[in-house]
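User: I would like to go through this model with you step by step, with the reasoning spelled out before each answer.

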Amino acid sequence: MVLEDGVSKYCIISVLSSLEISKSRNVTVKSEGAETALKMSVTEMFSYIQGFLSAEQDIREDIRKVVQILEQTAREILTVLQSVHQPSGFKDIPSKCQKARELFCTVRTKTGELKTKFPAEQYYRYHEHWRFVLQRLTFLAAFVVYLETESLVTREEVAKILDIEVDREKGFHLDIEDYLAGVLIMASELSRLAVNSVTSGDYGRPLRISNFINELDSGFRLLNLKNDPLRKRYDGLKYDVKKIEEVVYDLSIRGLAKEQETEGDK
Amino acid sequence: MSKREDEGCVRNRRTDAGQKADDCVNSDSPVIGAFKVFQRELDTKHDKHERLVKISRDVTIESKRTIFLLHRVTSVPDFENILNDADVKLDGVRQKIGQIAEELRGEDLHQFHRAFTPGIQEYVEAVSFHHFIRHRKLISLEEINARLVFMKEDQTTKGGGEDVCAGPCVLTFQVTPTDYLLGVADLTGELMRMCISSVGNGDMDTPFELSGFLREIHDGFSYIGNTGPYEVSKKLHTLRQSLGKVEDACYALRVRGSEIPKHMLADVFTSRAAHLETDDGIA
């Protein structure tokens with residue numbers, strides 16, 4: 001017997017009552033009031049529904065509280081990472097990343113808490129509540145990983161950093177669209193970083209960012225996006241690409257890029 | 001001059017990268033590889049969504065037709081036939097919902113909820129209208145859900161059939177409380193139309209019965225009030241209007257019913273329900 005996810009609680013009851021009803025329906029189709037099972041008055045019915053709704057509202061309230069703390073932590077991490085845009089911050093990127101990683105510990109405990117606030121199979125029922133913060137956190141994780149290794153974070157890595165799952169079946173997971181949205185946020189952050197790294201005298205970084213973003217762009221072009229928020233966000237990627245190309249252009253006509261490339265890999 | 005050349009150069013490089021990706025040449029790159037996986041995943045999801053929307057539209061159309069059919073009971077002497085016809089139609093709708101249930105097997109019901117919620121609401125409206133005409137009662141959420149159990153063999157058969165062999169898997173479809181509420185809110189509109197048209201046919205009892213029932217539903221919705229989802233509170237306004245129309249009709253019947261000849265009663269309400277009457281004509 002394969003029971004559908006998320007409804008197994010009522011499934012057995014429903015099956016039994018359905019059998020009962022259809023039996024009585026077949027025997028006495030025409031006699032009125034044959035379906036005596038599960039009768040409720042209008043008032044009873046509405047208070048029954050009201051019970052459902054208020055239970056749901058309680059859950060939403062709980063979720064909102066945890067999400068608020070998550071958002072707070074996400075802002076802290078962002079503040080730490082923002083300092084890479086400062087000329088002084090460029091030198092100690094590793095230590096910034098280290099600090100950010102420490103803050104991700106708080107995130108992990110909070111996501112652990114979030115998981116307990118609602119039934120695991122109703123992820124998408126409450127998805128809206130944490131969608132935004134999960135995208136932010138994905139961005140932050142991707143940004144940290146990029147600063148450390150200059151490569152694109154995988155979905156599995158993000159899930160590991162946030163202590164959540166990749167597959168829907170295994171519990172609280174990272175939705176693919178949220179992951180992609182987080183990556184797109186990172187792209188615009190990187191275009192900013194390219195500009196600021198030139199200001200700080202690091203001429204090699206924009207070239208590497210350019211290659212990276214171009215690869216991302218061709219990756220995204222493989223996707224058949226629907227007319228949804230993700231698509232809208234993706235439409236912004238071309239401006240990031242353009243911006244970085246301009247930076248690279250500015251560097252190359254002045255011969256700054258090459259000079260950096262030869263001594264850049266120090 | 002040199003600027004344009006250089007820009008062109010950069011752009012060329014970019015399009016090259018894109019073409020390579022399209023030609024699967026660049027598939028050794030981990031990023032492109034990962035995005036190929038994403039592409040498959042997203043496409044599967046979107047396809048499923050589209051299929052669900054399509055089924056939902058079919059459910060909506062069939063449910064609407066059932067409701068139109070049921071509206072004929074006020075003018076036909078043997079409404080039992082119509083009710084049985086409607087039952088057959090609703091069985092057809094349930095088959096379609098069975099397809100939804102099958103699409104959703106192993107998926108999160110709420111992930112694709114937006115795709116099929118209009119159809120389900122229309123179904124709730126039809127099935128509760130049918131139930132009301134037959135039993136003069138409000139169908140409960142459990143009763144609706146109990147009918148949406150499907151035994152899956154080679155083809156979807158309606159749940160609870162005696163000829164189901166051993167070991168078929170059971171698929172259920174659960175109408176969410178919100179969909180149920182919204183469907184019931186739509187039902188009140190149908191009841192209002194039924195009330196007005198039954199007045200037109202000189203039926204003096206149905207309007208009072210309906211106004212009592214509508215009032216009960218209205219009380220129920222007021223009880224839920226703002227705690228419900230946004231759409232529910234939006235429907236509350238329309239519900240009030242329907243209730244007002246029915247109460248006006250009952251008032252007019254009580255005050256002037258004894259004075260006005262029955263064949264003129266319809267005229268009394270035409271000003272109020274002109275568009276509804278034309279709709280009925282089409283049906």
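User: Which elements, in which chains, are included in what covers the buried residues of α7(B)?

Analyst: This is a predicted model, and within it the buried residues of α7(B) include Leu210(B), Phe213(B), Leu214(B), Ile217(B) and Phe221(B). The cover over these buried residues comes from both chains, and it includes α4 (113-135), α6 (177-200) and α8 (230-256) of chain B together with α2 (42-82) of chain A.

User: What distance does helix α7 of chain B reach from its first C-alpha to its last, and which residue follows α7(B)?

Analyst: The helix covers residues 206-224, which is 19 residues, and at 1.5 Å a residue a span of 27 Å is expected. The model comes close to that expectation, with a reach from first to last C-alpha of 27 Å. Beyond the end of α7(B) the phi is positive, near 50 degrees, at the residue that follows, Gly225(B).

User: How many residues apart are Glu56(A) and Arg125(A), which link distant parts of the chain?

Analyst: The side chains of Glu56(A) and Arg125(A) form a salt bridge, with 2.7 Å from N to O. Glu56(A) lies in helix α2 of chain A, whereas Arg125(A) belongs to the loop between α3 (93-115) and α4 (127-149) of chain A, so that the two residues are 69 residues apart.

User: Is Glu56(A) buried or exposed?

Analyst: A residue counts as buried under 20% relative accessible area. Because the relative accessibility of Glu56(A) is 13%, the residue counts as buried.

User: Which residue of chain A forms a salt bridge with Lys45(B)?

Analyst: Lys45(B) sits in helix α2 (residues 30-71) of chain B, and its partner across the chains sits in helix α6 (residues 176-199) of chain A. The partner is buried, with a relative accessible area of 12%. Lys45(B) also takes part in a network of salt bridges, whose members include Glu128(A), Arg131(A), Asp175(A) and Asp178(A). The salt bridge itself, at 3.0 Å from N to O, joins Lys45(B) to Glu177(A).

User: Why are Asp91(B) and Arg94(B) separated by about one helical turn, and what is the relative accessibility of Arg94(B)?

Analyst: Both residues belong to helix α3 (residues 79-103) of chain B, and because they are 3 residues apart there, about one helical turn separates them. Their side chains meet in a salt bridge, with 2.9 Å from N to O. Asp91(B) is partly exposed, with a relative accessible area of 23%, whereas Arg94(B) counts as buried, its relative accessibility being 0%.

User: What percentage of the contacts in chain B with a separation of 6 or more is accounted for by residues 24 or more positions apart?

Analyst: Chain B has 9 helices and 3 strands, and from the N terminus its elements run α-α-α-α-α-β-β-β-α-α-α-α. Of its 283 residues, 53% count as buried. Among the contacts with a separation of 6 or more, the share from residues 24 or more positions apart is 73%.

User: Where in chain B does the pLDDT fall below 50, and what ipTM does the predictor give the complex?

Analyst: The mean pLDDT of chain B is 79, and 75% of its residues reach 70 or more. The pLDDT is below 50 over residues 1-25 of chain B, a stretch with 25 contacts beyond near neighbours in sequence, and it stays under 50 over residues 154-166 of chain B. Where pLDDT is low, the predicted coordinates should not be read in detail. For the complex, the predictor gives a pTM of 0.78 and an ipTM of 0.78.

How values were computed. Residues are numbered from 1 along each chain as its sequence is written. Chains are lettered from A and ligands numbered from 1 in the order in which they are written. This is a predicted model: local features need pLDDT of at least 70, side-chain atom pairs count only at pLDDT 80 or more; totals for chains, interfaces and linings use all residues. Side-chain values use heavy atoms; hydrogens and water are left out. Helices (H or I, at least four residues) and strands (E, at least two) are DSSP runs, numbered from the N terminus. The expected span of a helix is 1.5 Å times one less than its number of residues. Buried means under 20% relative accessible area, exposed over 50%, partly exposed in between (1.4 Å probe, protein chains only). Contact means heavy atoms within 4.5 Å. A salt bridge is a side-chain nitrogen of Lys or Arg within 4 Å of a carboxyl oxygen of Asp or Glu. pLDDT is the predictor's confidence in each residue, from 0 to 100.
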